[in-house]
Amino acid sequence: MKRVLLGVVAATVVLVGVLLLRTFQFGPPTEELSGEAVAAHWDEEELAAGLARAISFPTVSSAGVDTFDYAPFYAFQTYLQGRFPLVFSRLALEKVGPASLLFRWQGQDTSAKPILLLAHQDVVPVIPGTEPEWTYPPFAGTVADGYIWGRGAVDDKASVLGILEAVERHLHEGFVPPRTVYLAFGHDEEVGGKRGAVAIARLLKEQGVQLAFLLDEGGVIAKGMVPGVEQRVALIGPGEKGYVSLKLSARGLGGHSSMPPPQTAAGAIARAVHRLEQNPFPVDLAYTVDFMRYLGDAQPFAQRLLFANDWLFSPILKNVLAADPSTNAGIRTTTAVTMLSGSVRDNVLPITASAVVNFRILPGDTVASVVEYVESVIDDPDIDVSLYDDFGSNPSSVADTSSKGFQVLSEVIRRVSPQTLVAPRLVVAATDARHFNEVAINSFRFVGIELGKRELAGIHGTDERVSVASYAEAVKIYYALLTRSGDL
Ligand SMILES: [Zn+2]
């Protein structure tokens with residue numbers, strides 16, 4: 001009896017030891033900061049004025065080719081040309097599609113693979129009727145209360161203008177990049193990017209260009225958004241989820257509803273939808289565990305212990321993460337039933353019934369594997385599963401976080417913004433970067449602006465804004481990254 005007890009005690013001590021050891025080792029790879037400090041002075045008010053003016057051009061993209069109004073885009077580009085004369089005169093400019101821009105800045109070493117900084121000129125519309133809810137009109141371009149206000153302030157004109165400010169200054173200072181740098185500004189990201197980013201990527205591919213590094217929007221410096229972590233966290237997206245909507249259809253006989261069969265087409269669809277909601281996609285904790293690793297000891301001890309020992313605690317982690325939609329989105333392909341239709345009258349049996357279900361696909365799954373999973377879960381040969389709108393987009397490739405690109409970007413962020421943690425975070429929305437899978441080895445998604453919960457709500461919503469100080473920070477990060485572009 002005593003020996004059994006001793007055995008249990010010894011095993012417990014060993015287990016606790018292993019758990020603690022793993023916990024204390026659970027942190028980002030330690031790197032010494034190399035490269036020079038970023039000393040350049042910037043006039044923040046002047047930068048803010050430049051972004052504010054950019055917002056005043058209502059470059060709203062439209063899904064319909066006929067309804068797309070290019071006039072604001074051309075006016076916007078005339079403004080850019082006036083503000084960034086060196087960029088427009090010294091860099092080679094190729095106009096792609098109706099309103100996209102591709103600049104090529106020749107580097108010193110033409111044998112080195114080029115890099116690409118990507119952003120989009122277009123913005124989403126303001127929902128009609130919500131204009132009065134804005135503190136300042138959405139297309140006035142107002143600088144007030146320490147913020148730059150308006151549609152596009154964050155998404156994505158801070159990025160377009162930020163990149164151009166950094167390059168213009170480098171040109172003014174006589175800087176020649178160590179390697180060739182492309183700047184690409186699409187005009188239709190918010191409606192799929194087909195005539196903008198897709199065309200730019202195709203053009204680069206035709207020219208045989210292979211990019212060493214690509215940087216697009218998608219991640220930001222998050223403030224107060226990572227539970228349990230006080231420090232700001234720069235979220236760098238190494239990849240993004242895919243997107244597909246599936247239409248489930250069932251056929252019935254129709255007829256009068258006074259003598260119905262036990263189940264109508266609408267009932268069959270309801271059962272299929274229920275099965276999908278009851279059987280969510282399998283969980284993959286890898287991306288979340290990797291993110292938590294980079295938070296290291298900045299997170300609460302218990303949280304660090306759990307994630308460091310996912311081999312033991314994964315059942316708990318899965319339950320906790322699945323319970324919150326924002327964390328659930330990071331661990332699996334998500335299922336959202338969005339549209340339903342049945343009979344056109346209350347007393348007529350439906351001849352057809354259908355549901356549309358939207359899936360955001362975790363890297364590892366594909367459009368094809370989602371269709372396969374859905375068919376097996378529904379398990380009903382009478383229900384037809386097809387692509388909705390004939391559209392499906394696989395997840396992007398996931399960039400290597402041990403690559404030079406990630407390390408240098410991470411160093412630049414910590415140089416410009418000391419006290420900021422850096423962590424890889426899968427992007428759950430779609431960006432233009434996904435179109436560059438074939439031409440870019442490593443694509444990352446990050447703009448160095450700081451967002452809290454309030455600013456986050458403004459993206460695609462009301463009162464979109466970015467703080468003057470934080471926009472300047474983003475510009476400095478682009479500037480410093482270009483200085484270090486030889487190391488990428
Ligand atoms: Zn965007």
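What arrangement do the four donor atoms around the zinc ion make? The answer is an irregular one, because the angles they subtend run from 55 to 146 degrees. Keep in mind that you're looking at a predicted model. Two spots are worth a look here: the zinc site and a nonpolar patch on the surface.

**The zinc site**

- Let's start with who holds the metal: the protein donors are His120 (NE2), Asp155 (OD) and Glu217, which is listed twice through OE.
- These donors lie 1.9 to 2.4 Å from the zinc ion.
- For comparison, ideal angles are 109.5 degrees when four donors sit tetrahedrally around a metal.
- To count as tetrahedral, four donors need all their angles between 85 and 135 degrees, so a range of 55 to 146 degrees doesn't make the cut.
- If you trace the donors along the chain, their spacing reads H-x34-D-x61-E.
- His120 belongs to strand β3 (residues 115–120), while Asp155 is in the loop between β5 (147–149) and α5 (157–172), so this pair ties together parts that are 35 residues apart in sequence.
- Both His120 and Asp155 are buried.

**The nonpolar patch**

- Over on the surface, Val14, Leu15, Val18, Trp311 and Leu312 make a nonpolar patch of about 430 Å².
- Two helices, α1 (2–25) and α10 (310–323), each supply at least two of its residues.
- Helix α1 gives the largest share of the patch, with three residues.
- Val14 is found in α1, and Val14 counts as exposed because its relative accessibility is 54%, with the cut-off being over 50%.

Terms used:
Residues are numbered from 1 along each chain as its sequence is written. This is a predicted model: local features need pLDDT of at least 70, side-chain atom pairs count only at pLDDT 80 or more; totals for chains, interfaces and linings use all residues. Side-chain values use heavy atoms; hydrogens and water are left out. Patches are made of residues with over 30% relative accessible area and no salt bridge: like charges are joined within 9 Å, nonpolar side chains (Val, Leu, Ile, Met, Phe, Trp, Tyr) within 5 Å. Accessible areas come from the Shrake-Rupley method with a 1.4 Å probe; for residues, only the protein chains shown count as cover. A salt bridge is a side-chain nitrogen of Lys or Arg within 4 Å of a carboxyl oxygen of Asp or Glu. Helices (H or I, at least four residues) and strands (E, at least two) are DSSP runs, numbered from the N terminus. Buried means under 20% relative accessible area, exposed over 50%, partly exposed in between (1.4 Å probe, protein chains only). Donors are N, O and S atoms within 2.8 Å of the metal (3.2 Å for Na, K and Ca); water is not among the atoms, so sites may look incomplete. Four donors count as tetrahedral if all angles lie between 85 and 135 degrees; four count as square planar and six as octahedral if opposite donors are over 155 degrees apart and all others between 65 and 115; anything else is irregular.
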